[in-house]
Amino acid sequence: MAAPKKSPVKETGQETPKETAKENRQEKASEKAPEQGNGSPNVPEFTREQELSALRDMLLIRRFEEKAGQLYGMGAIGGFCHLYIGQEAIVVGMQMALKKGDQVITGYRDHGHMLATGMEAKGVMAELTGRHAGYSRGKGGSMHMFSKAENFFGGHGIVAAQVSLGTGLAFANHYRGNDFVSLTYFGDGAANQGQVYESFNMAELWKLPVIYIIENNRYAMGTSVTRSSAQTDFSKRGVSFNIPGEQVDGMDVRAVKAAGDMAVAWCRAGKGPFILEMQTYRYRGHSMSDPAKYRTREEVDKVRHDSDPIEQVRNRLLAANMSEQDLKAIDAEVREIVNAAADFAQHAPEPDAAELWTDVYR
Ligand SMILES: Cc1ncc(C[n+]2csc(CCOP(=O)(O)OP(=O)(O)O)c2C)c(N)n1
Ligand SMILES: [Mg+2]
């Protein structure tokens, strides 16, 4: 069966794996930065409603993450905390391609995924601060939240563990004969784990409805993809299993949505799994304790300046005669939601000590 037509993508060349000088590696990484502008050429336009909805949802994630970073700095959040700033277009664009009942599962960089599925900012923030009103009653923290109501299956701290679990979700859908799709997100680093390929094999063999979304933000902790990966075109990682894949401009929410529509249709039609490599970038360090010495300030600034996913939508709306004032009003409304969530998360009660004995296997 022929793979579906390619959606608007930006091809990247194969990297030379022999680079050793640090400067050379940094230069190479910045050469690969997503390009400037108002997004990818030839992507289907959004309606005004879609632009506004995408803008609001991406802003909610951006402002939430900024606030989480602040609270972490103040000592209000303990444990690990990995921010999604810069990558917002991926979860927002993919969510626009889903229907109620489709499932989402990801790793530890999960706040954006949760907000995109419709989980409440208050409940997510309260989990970060370890409060009883958090999604895991304050006992899970940043990396371990779930919501049955929104079909969000975590939040997983073990790199790539979610790939086999997400494949299992797809198996369950297949077994039950429904047409729901499992969106299984993981990083460029996780893509080198063995269980990913065991999952790929089973998913294609049994034609499971799973979209493997590889969030290629070009680093796994402090290691760039050019230093860790023999094949840096992640859309090809399913070739030996006959799983089709595409590279997508993950900084353009319209390109993400178009690729998502195509892959979801592929899965719902019973054609098996699909791989989407989202080319993206994280602006902050790997986690809150990362001084990010492995890349230059200029590299980060260039991506922020040239291809920020939120700025792209703002620019298009301004070009379509939306006023700066109206855009500011959306931001103010989002900030209010986030401030209320932060306030709630700092004042809500902690779990009772007796909760130490609940939700644990003995
Ligand atoms: C099995 C396992 N090995 C190592 C780690 C430590 N670790 C945490 S995140 C990470 C890097 C993963 O990078 P990537 O998959 O690119 O995701 P990103 O953080 O860039 O979103 C590593 C090695 C872990 N949590 N689990
Ligand atoms: Mg990565």
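**Note on the parallel sheet, helix α9 and the ligand 1 shell**

1. In β3, I213 is the bridge partner of Y185. The helices (H or I, at least four residues) and strands (E, at least two) named here are DSSP runs numbered from the N terminus. The model is predicted: local features need pLDDT of at least 70 and side-chain atom pairs count only at pLDDT 80 or more, while totals for chains, interfaces and linings use all residues. Residues are numbered from 1 along each chain as its sequence is written, and chains are lettered from A and ligands numbered from 1 in the order in which they are written.

2. The sheet is open and has five strands, in the order β1-β2-β3-β7-β6, with parallel pairing; two strands pair if DSSP finds at least two bridges between them. Its edge strands, each paired on one side only, are β1 (103-105) and β6. From one strand to the next the twist averages 20°. Axes are lines fitted to C-alpha atoms, for helices over the stretch in contact, and angles run from 0 to 180 degrees between N-to-C directions.

3. Six bridges link strand β2 (residues 182-187) to β3 in the parallel sense. Opposite G187 stands E215 of β3. Seven of the seven residues of β3 are buried, that is, 20 or more other C-beta atoms lie within 10 Å of their own (exposed means 12 or fewer, partly exposed in between; C-beta atoms are placed from the backbone). Cover extends to both faces of β3: V210, Y212, I214 and N216 are buried on one side, and I211, I213 and E215 on the other.

4. β6 runs parallel to β7 and is joined to it by five bridges; V248 stands opposite M278 in β7. Because five of its five residues are buried, β6 is largely enclosed by the rest of the structure. On one side these are G245, Q247 and D249, and on the other E246 and V248.

5. Helix α9 (residues 253-268) packs on the sheet and touches β3, β6 and β7, its direction making about 170° with that of β7. What is the distance between the end C-alpha atoms of α9? They are 22 Å apart, which agrees with the 22 Å expected for 16 residues at 1.5 Å a residue; the expected span is 1.5 Å times one less than the number of residues. G270, which follows α9, has a positive phi, near 80°.

6. Twelve of the 16 residues of α9 are buried, among them R254, K257, M262 and C267. Their cover includes α2 (48-73), α3 (88-95), β3 (210-216), β6 (245-249), β7 (274-279) and α11 (309-319); residues are in contact if their C-beta atoms, placed from the backbone, lie within 7 Å. In α3, eight of eight residues are buried, including E88 and Q95.

7. Is N242 buried or partly exposed? N242 is partly exposed, with 13 other C-beta atoms within 10 Å. It lies in the loop between α8 (225-228) and β6. The C-alpha atoms of N242 and N201 are 9.0 Å apart, although 41 residues separate the two along the chain.

8. Ligand 1 is surrounded by 14 residues, of which V159, G187, G189, A190 and A220 are the closest; a residue is near a molecule if its C-beta atom, placed from the backbone, lies within 6 Å of it. The shell comprises six nonpolar, five polar and three charged residues. Ala, Val, Leu, Ile, Met, Phe, Trp, Tyr, Cys and Pro count as nonpolar, Asp, Glu, Lys and Arg as charged, and the others, Gly among them, as polar.

Key
Contact = placed C-beta atoms within 7 Å.
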